[in-house]
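Work through the exercises below with the sequence and the model in view. Try each task before reading its solution.

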Amino acid sequence: MLKDTHAFAVEDTSVNRATNIIRISLGLLLSVLMLGGLNVSAQAQDSPTQSAQTQDTQVQGAQTTSSSDQQAAAQVLDLLNQYSSDADWDKYFALYRKDGIFIGTDASERWGIAEFEHYSRPTKGWRYDLTERHIIQHGDIIVFDELLNSPAYGVSRGTGTLIKTDGNWKIAQYHLSFPIPNEIAKQITTEIKAANKQ
């Protein structure tokens, strides 16, 4: 009987040790997992969106946060405005992808590059000065919107997309528009409707 009791006590102690080892192991594993989760969470807080990075530029009193890609894309857009002002069409159109699209202010103006060149080359160019720009990067794609000031038209807005092409940022689409203040929107749209009927 004593042998059986002793054997039971030994088995009971072994079970307790095994249970304690399992508990300690699980506790350590849980701690490691929690610390790993905290680390991932901390990294996520440091970089809220790794897939989308933003650059905002206000020309007067500029506050700029950007990556080298965003700076390169911003330079392309700056050159676009410079070359159009100089009517340097070879350099201007070199900033676009071959399959690029330009959407002008008139509803009929949705042009491929060949059509847009046909329109642009006979002109003396146009001037738009940057006031404010927002750039958002998603990998090899950048979307942007910018406010511009035109001597001819006043406040204008450019929006579009650049795609990294052969290591360089190229304009895939550019859309120029005239923002309409809400107070006169009905008046302007009424005039547009009347013009479209003629």
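The exercises go from the whole chain to single residues.

The model is predicted, so local features need pLDDT of at least 70 and side-chain atom pairs count only at pLDDT 80 or more, while totals for chains, interfaces and linings use all residues. Residues are numbered from 1 along each chain as its sequence is written, and side-chain values use heavy atoms, with hydrogens and water left out.

**Exercise 1. The whole chain**

Task: State how many helices and strands the protein chain has, and the pattern they follow.

Solution. Step one is to count the elements: the protein chain has 5 helices and 7 strands. Helices (H or I, at least four residues) and strands (E, at least two) are DSSP runs, numbered from the N terminus. Step two is to read along the sequence, which gives α-β-α-α-β-β-α-β-β-β-β-α. Step three is burial: 25% of the 198 residues count as buried. Buried means under 20% relative accessible area, exposed over 50%, and partly exposed in between (1.4 Å probe, protein chains only). Step four is the surface: the protein chain exposes about 13600 Å², and carbon and sulfur atoms supply 55% of this area. Accessible areas come from the Shrake-Rupley method with a 1.4 Å probe; for residues, only the protein chains shown count as cover.

**Exercise 2. Helix α2 and the core**

Task: Check the span of α2 against its expected value, and find which element gives the largest share of the largest nonpolar core.

Solution. The expected span of a helix is 1.5 Å times one less than its number of residues. For the 19 residues of α2 this gives 27 Å, and the end C-alpha atoms are 27 Å apart, so the two values agree. Buried residues of α2 include Ala73, Val76, Leu77 and Leu80.

Next, take the core. A nonpolar core is a set of buried Ala, Val, Leu, Ile, Met, Phe, Trp, Tyr and Cys residues joined through side-chain atoms within 4.5 Å. The largest one has 26 residues, and those with the most contacts inside it are Tyr92, Tyr96, Phe102, Leu162, Ile171 and Tyr174. At least two residues of this core come from each of α2, α3, β2, α4, β4, β5 and β7. The largest share, 6 residues, comes from α2.

Last, look at Leu162. Contact means heavy atoms within 4.5 Å. Leaving aside neighbours within four places in sequence, Leu162 is in contact with residues including Ala73, Val76, Leu77, Phe144 and Ile171.

**Exercise 3. Salt bridges**

Task: Find which residues are linked with Arg133 in a network of salt bridges, and say whether Arg133 is buried or exposed.

Solution. A salt bridge is a side-chain nitrogen of Lys or Arg within 4 Å of a carboxyl oxygen of Asp or Glu. A search of the whole structure finds 8 of them. In one, the closest N and O atoms of Asp78 and Arg133 are 3.0 Å apart. Asp78 lies in helix α2 and Arg133 in strand β4, so this pair ties together parts that are 55 residues apart in sequence. In another, Glu146 and Arg133 come to 2.8 Å, again between the closest N and O atoms. Glu146 belongs to strand β5, 13 residues from Arg133. Asp78, Arg133 and Glu146 are thus linked in a network. Arg133 counts as buried because its relative accessibility is 3%, while Asp78, at 39%, is partly exposed.

A separate bridge joins Asp69 and Lys164 at 2.9 Å, N to O. Asp69 is in helix α2 and Lys164 in strand β6, 95 residues apart. Lys164 is partly exposed at 28% relative accessibility.

**Exercise 4. Loops with positive phi**

Task: For Ala87 and Asp166, say in which loop each residue is found.

Solution. Ala87 is found in the loop between α2 and α3. Phi of Ala87 is near 55°, a positive value in a residue other than glycine, and Ala87 counts as partly exposed at 24% relative accessibility.

Asp166 is found in the loop between β6 and β7. Its phi is also positive, near 55°, and at 77% relative accessibility Asp166 counts as exposed. Gly167 lies in the loop between β6 and β7 and is exposed at 55%.
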